[in-house]
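Visitor: I should like a close look at one part of this protein, taken slowly and set in its surroundings. Please begin once the sequence and structure are on view.

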Amino acid sequence: MRIRIPGRVALAAGALALLGATTAPGVAMAASEGSSSAAASPKPNIVLVHGAWADSSSWSSVMERLRKDGYPVRAIANPLQGLTSDT
């Protein structure tokens, strides 16, 4: 049985998962240090990974908006060679 996930859904889910993974350590660290000022902590690094039917350039407009807001952003090129090697 083959499960098909629409490209946009998979792309959005992957981006949100990565965003959560990059922000969670920073939030935990600030909480453990007893930091009362959220403005003093640096913005988290954001890593964007494209889906199966795109490349890293598909994130260019999103990266531009995030960079304008002061976030450090990287779009990672994922070669997507096959289901076995990609998972």
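What follows is one request about a single part and one connected answer.

Visitor: Please look closely at helix α2: which residues of the largest nonpolar core are involved, and which residues form the salt bridge?

Guide: It should be said at the outset that this is a predicted model. The chain has 87 residues, and its secondary structure consists of three helices and two strands. Read from the N terminus, these elements follow the order α-β-α-β-α. Helix α2 spans residues 60-68.

The core comes first. The largest nonpolar core has six residues, namely Ile-46, Leu-48, Trp-59, Met-63, Leu-66 and Val-73. At least two of these residues come from α2, and at least two come from β1, which covers 46-49. In soluble globular proteins, nonpolar side chains tend to be buried together. For the chain as a whole, 10% of the residues count as buried. The accessible surface amounts to about 6,800 Å², and carbon and sulfur atoms account for 60% of that area.

The charged residues of the helix come next. Glu-64 and Lys-68 form a salt bridge in which the closest N and O atoms are 3.6 Å apart. The distance satisfies the criterion because the cut-off is 4 Å between a side-chain nitrogen of Lys or Arg and a carboxyl oxygen of Asp or Glu. By this rule, the count for the model is one salt bridge. Both partners belong to helix α2, where they are four residues apart, or about one turn of the helix. Side chains of opposite charge can pair when their charged atoms come close. The two partners fall into separate accessibility classes: Lys-68 has 66% relative accessibility and therefore counts as exposed, while Glu-64, at 48%, counts as partly exposed. The reason is that exposed means over 50% relative accessible area, and buried means under 20%.

The loop between β1 and α2 contains Ser-58. This serine has 35% relative accessibility, so Ser-58 counts as partly exposed. Its C-alpha atom is 9.9 Å from that of Leu-48, ten residues away in sequence, and Leu-48 is one of the core residues.

Further along the chain, strand β2 (73-76) and helix α3 (83-86) are joined by a loop that includes Ala-77. Ala-77 is exposed, with a relative accessible area of 59%. Leaving aside residues up to four places away in sequence, Ala-77 touches His-50 and Ser-56. The C-alpha atom of Ala-77 lies 9.8 Å from that of Ala-54, although 23 residues separate the two along the chain. Gln-81 occupies the loop between β2 and α3 as well, and is exposed, with a relative accessible area of 66%. The C-alpha atoms of Gln-81 and Ala-52 are 9.8 Å apart, the residues being 29 positions apart along the chain.

Contacts can also be viewed across the chain: of those between residues at least 6 apart in sequence, 65% join residues at least 24 apart.

Aromatic rings complete the account. The structure has zero aromatic pairs, but a charge over a ring is present: Lys-43 lies over the face of Tyr-71, 4.4 Å from the ring centre.

In summary, α2 supplies at least two residues of the largest nonpolar core and also holds Glu-64 and Lys-68, the partners of the salt bridge.

Key. Residues numbered from 1 in each chain as written. Predicted model: local features only at pLDDT ≥ 70, side-chain atom pairs only at ≥ 80, totals over all residues. Heavy atoms only, no water. Buried < 20%, exposed > 50% of the residue type's maximum accessible area, 1.4 Å probe, protein only. Contact = heavy atoms within 4.5 Å. Areas by Shrake-Rupley, 256 points an atom, 1.4 Å probe, with all protein chains shown as cover. Core = buried A, V, L, I, M, F, W, Y, C linked by side-chain atoms within 4.5 Å. Phe/Tyr/Trp six-rings, centres within 6.5 Å; stacked < 30°, edge-to-face > 60°. Lys NZ or Arg CZ within 6 Å of the ring centre and 35° of its normal.
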